[in-house]
Amino acid sequence: MSAAPHPDPPAYPVGLRLAGRRVLVLGGGTVAQRRLPALLAAGAAVDLIAPAVTPSVQAMAEAGELRWQRRGYRPGDLAGAWYALVATDDPEVNAAASAEAERERVWCVRSDDAGAATAWTPATGRSDGVTVAVLTGRDPRRSAAVRDAVVEGLREGTLGAPRHRDRTPGVALVGGGPGDPDLITVRGRRLLAEADVVVADRLGPRDLLDELPAHVEVIDAAKIPYGRAMAQEAIHATLIEHARAGRAVVRLKGGDPYVFGRGMEEARALAAAGIPVTVVPGVTSAISVPGAAGIPVTHRGVAHEFTVVSGHLAPDHPDSLVDWPGLARLRGTLVLLMAVERMPAIAATLIAHGRDPRTPVAVVQDGTTAAQRRTDATLATVAERIAADGVRPPAVIVVGEVVTVAERDQDR
């Protein structure tokens, strides 16, 4: 006695390789607009048939990404197609096209009646070469929710899926952002999850280190031996050593690797040693920390420019490359990094060269973290306020009228 057929058997999942193959899309509305990018990314030769299309679909046609025939459906349109998406707003047209697809043995998706279709479009997402496709029968919202959870896990590194076949040893210079672990980029977090060794800066997002698997070796760059004069060369040597041993290495830096982060020095040293280097930009504290404290570095009618300056050397230091008199003449925003200790001299120099002593100043310490605090002053008073409040690095100092924009908006 044979078993009764399943009343609603599951769909058989398969990955269609559509590169260079004809795909027919009927209808040029929002459904087509949503589905077309994935078909084009798959390399499909898309024929679109519709009397009218959305502006976005029209732009795809005008760019030569697909062929648009400005008419309605005609019998015979399915001939020679490998796959079809039927998405017009006329149920009779959809039914006729679907019936033709059945006769021509063309897999066909229907936007208006999934039960009458011969194929279903899964909820899909991509992360670093991995395509996630989820089908839950006739519950597209659940499919999308499962898809989102898996893709987010892969992107953030919370869902472990290390490479095996195509993994290349090397070093990734990863900008960790201003401090809040949620502000690292998706790519940076994924590379952390795949690392064998992490060489971390003091200002990197420390909370992320606790999430690493137990086998990952974490090296504190601030404690690499040989003294301050040799610290950078020792970091280079450490990165090269581990990469040459076949390990995947992440150099985790605060902010962005190339914004006062000596990232280029490390990239050059690695390249000279023949080590593959990947640079992952980070969210720089120069913009994100003021933003987290409610300060826009630019604002319409207030500042049309902002300048990011290193304050690690005093204005009169012979090695300083900063044109402080020129900066004093600017009308826009100055964002000073590594400037807490030198701020008395910096403020005095800016005032001496013409910047108004009443210019608002904000000092944001430990920006984007739970310890964030803000001190407000003017150029004339910032030195004494830093001393009185016990401000210590890391802190971002903002000089300009943008500091008081939020207060002025509240007064209106």
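A salt bridge is defined here as a side-chain nitrogen of Lys or Arg lying within 4 Å of a carboxyl oxygen of Asp or Glu. In this predicted model, a search of the whole structure identifies 14 such contacts. The pair E265 and R262 meets the criterion, because the closest N and O atoms are 3.0 Å apart, within the 4 Å limit. Both partners are partly exposed: the relative accessible area is 36% for E265 and 44% for R262.

Salt bridges that share partners also join D201, R251, K253 and E266 into one network. Within this group, the side chains of R251 and D201 meet at a distance of 2.9 Å, from N to O. The two residues belong to distant parts of the chain, 50 residues apart. R251 is located in strand β11, which spans residues 248–253, whereas D201 occupies the loop between β9 (197–200) and β10 (217–220). The surroundings of the two partners were also examined. R251 is buried, with a relative accessibility of 1%, while D201 is partly exposed at 23%.

A further salt bridge is formed by K253 and E266, with 3.2 Å between the closest N and O atoms. K253 lies in strand β11 and E266 in helix α7 (residues 263–272), so this contact ties together parts of the chain that are 13 residues apart in sequence. K253 has a relative accessibility of 2% and therefore counts as buried, the cut-off being under 20%. E266 is likewise buried, with a relative accessible area of 0%.

Technical notes
Residues are numbered from 1 along each chain as its sequence is written. This is a predicted model: local features need pLDDT of at least 70, side-chain atom pairs count only at pLDDT 80 or more; totals for chains, interfaces and linings use all residues. Side-chain values use heavy atoms; hydrogens and water are left out. Helices (H or I, at least four residues) and strands (E, at least two) are DSSP runs, numbered from the N terminus. Buried means under 20% relative accessible area, exposed over 50%, partly exposed in between (1.4 Å probe, protein chains only).
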